[in-house]
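Biologist: Could you take me through one part of this model with care, namely the surroundings of the ligand? I would like a connected account that I can follow with the structure open beside me.

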Amino acid sequence: MVQKVEKIWMDGKFVNWDDANVHILTHTLHYGLGIFEGVRCYKLHDGRSGFFRLRDHLRRFNDSAKMYWLKPIYSIDELVKNSIELYHQNKMKEGYLRPLMYIGSGAMGLHAIDNPLHTSLIAWEWGKYLGDDGFKNGIRAKISSISRLRPNINFVKAKAGGNYPNSILAKREAMQDGYHEAIMLDTDGYVAEASGENIFVIRDGIVRTPPATASILNGITRDSVIQLLRDDNIPLREEKILREELYVADEIFFTGTAAEVTPVREIDHHMIGDGKPGPITTHVKELFFDAVRGKIAKHHEWLEIF
Ligand code: PMP
């Protein structure tokens, strides 16, 4: 359950949590076109706080809107300023941030191009997305019977609410079958991503992940991990991956803002490696947490410090 905090930012104003409501004719509620982001804010090693790659998330936020013919109202600078102010008003030092754009009421029907576009920033505390044990010891995943969206049906590079029933189907199926997470294949059968995370696969010391041109969301954690691996000269290839290659991998991990870096210990009852987080996964996890806590000077520009 999301724990209530004091304020939510809606269309330029800080409103009380309980007053942050929308009308039933809100267009997004009916047809599913809305845009969202997920950002984490961490306590830094020096006691200050920092949003991790906030500007990159907000750039994707405004880009996702443009992809769907929505005109973002707020600039990245305005959203950065209000995100920090939201944390101050809620006396938060660490947590999650959910920027959201939704089409308001006015006309009904699909066109409704003149309906107002609303923008909101919401903050809450969020622990380990795939559970504390999974984060530490690895999770169990299954290959989903649901395929990942394919290009030119929805815009797969947009983080749009309407893309997510696809992920929800996969996630619910996996959980009902006793797994923690679903891995989705594209419609050609290649590995795409998990329901809300990107995937990295390691064998013989080489790290592989599906390319940015694949039917995946271009995760900001994915990009951060790629840069951290390159910093350390760990071999990294962005290429197509087949389902059966997962079963014989030495190590697999997921990346995402919510999931951070989460090891995978089993897929479809195949144990990955020796069933424990492997050395490269453990190393990447350490690098990632050093970066988000401001311990890697080279990557200080990733942090929006306040
Ligand atoms: N894929 C999907 C489908 C997602 O929803 C997310 C979470 N935003 C990711 C990948 C990971 O992206 P990021 O690292 O930017 O959070």
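**The shell around the ligand**

Modeller: Three elements, α2 (54–67), α6 (220–231) and β14 (251–256), each supply at least two residues of the shell around the ligand. Please keep in mind throughout that this is a predicted model, and that the distances and areas below are computed from it. In total, 16 residues surround the ligand, and the closest are Y164, E193, I220, T221 and T257. Sorted by character, the residues of this shell divide into 3 nonpolar, 9 polar and 4 charged.

Two of those closest residues, I220 and T221, also take part in polar contacts with the ligand, and they do so through different parts of the residue: for I220, a polar backbone atom is 2.7 Å from an oxygen atom of the ligand, whereas for T221 a polar side-chain atom lies 2.6 Å from a ligand oxygen. Turning from oxygen to nitrogen, a nitrogen atom of the ligand is 2.8 Å from an N or O atom in the side chain of K159. As for how much of the ligand remains uncovered by these surroundings, the ligand taken alone exposes 390 Å², and the protein buries 95% of that area. The site itself can be located on the protein as well, since the ligand sits in the largest pocket.

To sum up the picture, α2, α6 and β14 each contribute at least two shell residues, while I220, T221 and K159 provide polar contacts, the one from I220 through the backbone, the one from T221 through the side chain and the one from K159 likewise through the side chain.

Key:
Residues are numbered from 1 along each chain as its sequence is written. This is a predicted model: local features need pLDDT of at least 70, side-chain atom pairs count only at pLDDT 80 or more; totals for chains, interfaces and linings use all residues. Side-chain values use heavy atoms; hydrogens and water are left out. A residue is near a molecule or strand if one of its heavy atoms lies within 4 Å of it. A polar contact is a pair of N or O atoms within 3.5 Å; within protein, one must be able to donate a hydrogen and the other to accept it, and residues adjacent in sequence count only if both atoms are side-chain atoms. Accessible areas come from the Shrake-Rupley method with a 1.4 Å probe; for residues, only the protein chains shown count as cover. On a 1 Å grid over the protein atoms alone, a cavity is a set of points where a 1.4 Å probe fits but cannot get out, and a pocket is an open set with protein on both sides within 12 Å along at least five of seven lines; lining residues have an atom within 4 Å of a point. A molecule sits in a cavity or pocket if more than half of its atoms lie within 2 Å of its grid points. Helices (H or I, at least four residues) and strands (E, at least two) are DSSP runs, numbered from the N terminus. Ala, Val, Leu, Ile, Met, Phe, Trp, Tyr, Cys and Pro count as nonpolar, Asp, Glu, Lys and Arg as charged, and the others, Gly among them, as polar.
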